[in-house]
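Look at the chain below before reading on. This report goes from the whole chain to one pocket and one helix.

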Amino acid sequence: MNYTGLRWIKDDKQRQRIVAGLSKLRTGLKKKVPAKSDGTLLLATWNIREFGGTKYGGRTTDAMYYIAECISRFDLIAVQEVRADLKALKEILRLLGRQWDVIFTDVSFADGGNFERLAFVYNTAKVSFTGLAGELVLPSKTATERMSQVARTPFVCGFQVGWAKFNLCTVHIYYGTAKAEDLRRVDEINALAKLLATKAKDYINTSAPADSRPNTSYCSATSISFPAQIRLTRRSPETGSRSRPSCKSCQGVTWTRTSSTTKSHFSSRR
């Protein structure tokens, strides 16, 4: 979190109030939200009402700090009801710090779309964007008398954490009337659920799950590419010496790291 802006708040009472509020909020979040770790992904979804809008007067400085503090406790957050004006979203990113990024849609002009956006906010130190981003359009055969498309077009993006790649879809379902089962709302939910089930089959071959175990048969090649997370050598804390890969095919091979980009390239020399 970037708290440097607190020192520029001229009103001492306001600054002290924000600091006290952040302290209480941290205590509460610590009890409710698991601690971050290398082996976990903390995922959240949050409908922040009128986020960026002025219908209710906009957010106070206090509220912006508290929203950023809540988001910072997670690795990847889907945010609904982001308005056309991105000033509030950009302010949250500034408070979160440089390692945070965002992907968002254009404003929805559809009937019932309410001129809203959908967004994914993520910590780049943990999560990377794979490049997949799109808004889901329903097939015409799913149209009903009440609905032809989802009013606020669902937003799907691809992400990667370590070895795991996955796609997430966020949507703000039509509200309509103030009752539990508004008919158009139900239509949107049913149509979107069926579409996502179909899309999941395109992304994942459920009949033949992929084997994610390392394939040692590639070790006989003269040039091998490994994800950056793999370490081919290990330094002993006692002696400082490095151990070689345990694969029998690799015996007698000298491993040299030639790049430190997203995929670390190693060449082998007999």
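What follows is a short tour of a predicted model.

## The whole chain

The chain has 270 residues, and 34% of them count as buried. Its secondary structure comes to four helices and twelve strands.

Contacts can also be sorted by distance along the sequence. Take those between residues at least 6 apart in sequence: 62% of them join residues at least 24 apart. The accessible surface comes to about 17,300 Å². Carbon and sulfur atoms account for 53% of that surface.

## The second largest pocket

The second largest pocket has a volume of about 240 Å³. Which elements give two or more residues to its lining? They are strand 1 (43-51) and helix 3 (87-96). Helix 3 gives the largest share, three residues.

The lining includes Glu50, Phe51, Gly52, Gly53 and Thr54. Gly58, Arg59 and Met64 also belong to the lining, as do Asp85, Lys87, Ala88 and Glu91. By type, the lining residues divide into three nonpolar, four polar and five charged.

## Helix 3: two sides

Which residues of helix 3 are buried? They are Ala88, Leu89, Ile92, Leu93, Leu95 and Leu96. These residues lie on the same side of helix 3, because they cover an arc of only 160° around the axis. On the other side, Lys87 and Lys90 are exposed.

Several elements help to cover the buried residues of helix 3. Among them are the strands 1, 2 (76-83), 3 (100-104) and 4 (116-123). Helix 2 (61-72) is also part of the cover.

Two residues of helix 3 link this picture to the pocket. Ala88 is buried in the helix, and Ala88 also lines the second largest pocket. Lys87 is exposed, and Lys87 is a lining residue too. Just after the helix comes Gly97, which takes a positive phi of about 115°.

## Gly52: a loop residue beside the helix

Where is Gly52? Gly52 sits in the loop between strand 1 and helix 2. Gly52 is one of the residues that line the second largest pocket.

Now compare sequence with space. Gly52 and Leu89 are 37 residues apart in sequence, yet their C-alpha atoms are 7.0 Å apart. Leu89 is one of the buried residues of helix 3.

What does Gly52 touch, leaving aside its neighbours within four places in sequence? Gly52 is in contact with Arg83, Asp85 and Ala88. Of these partners, Asp85 and Ala88 also line the second largest pocket.

Terms used: Residues are numbered from 1 along each chain as its sequence is written. This is a predicted model: local features need pLDDT of at least 70, side-chain atom pairs count only at pLDDT 80 or more; totals for chains, interfaces and linings use all residues. Side-chain values use heavy atoms; hydrogens and water are left out. Buried means under 20% relative accessible area, exposed over 50%, partly exposed in between (1.4 Å probe, protein chains only). Contact means heavy atoms within 4.5 Å. Accessible areas come from the Shrake-Rupley method with a 1.4 Å probe; for residues, only the protein chains shown count as cover. On a 1 Å grid over the protein atoms alone, a cavity is a set of points where a 1.4 Å probe fits but cannot get out, and a pocket is an open set with protein on both sides within 12 Å along at least five of seven lines; lining residues have an atom within 4 Å of a point. Grid points are joined across faces, edges and corners, and a volume is the space filled by probe spheres set on the points. Ala, Val, Leu, Ile, Met, Phe, Trp, Tyr, Cys and Pro count as nonpolar, Asp, Glu, Lys and Arg as charged, and the others, Gly among them, as polar. The arc is that of the directions from the helix axis to the C-beta atoms.
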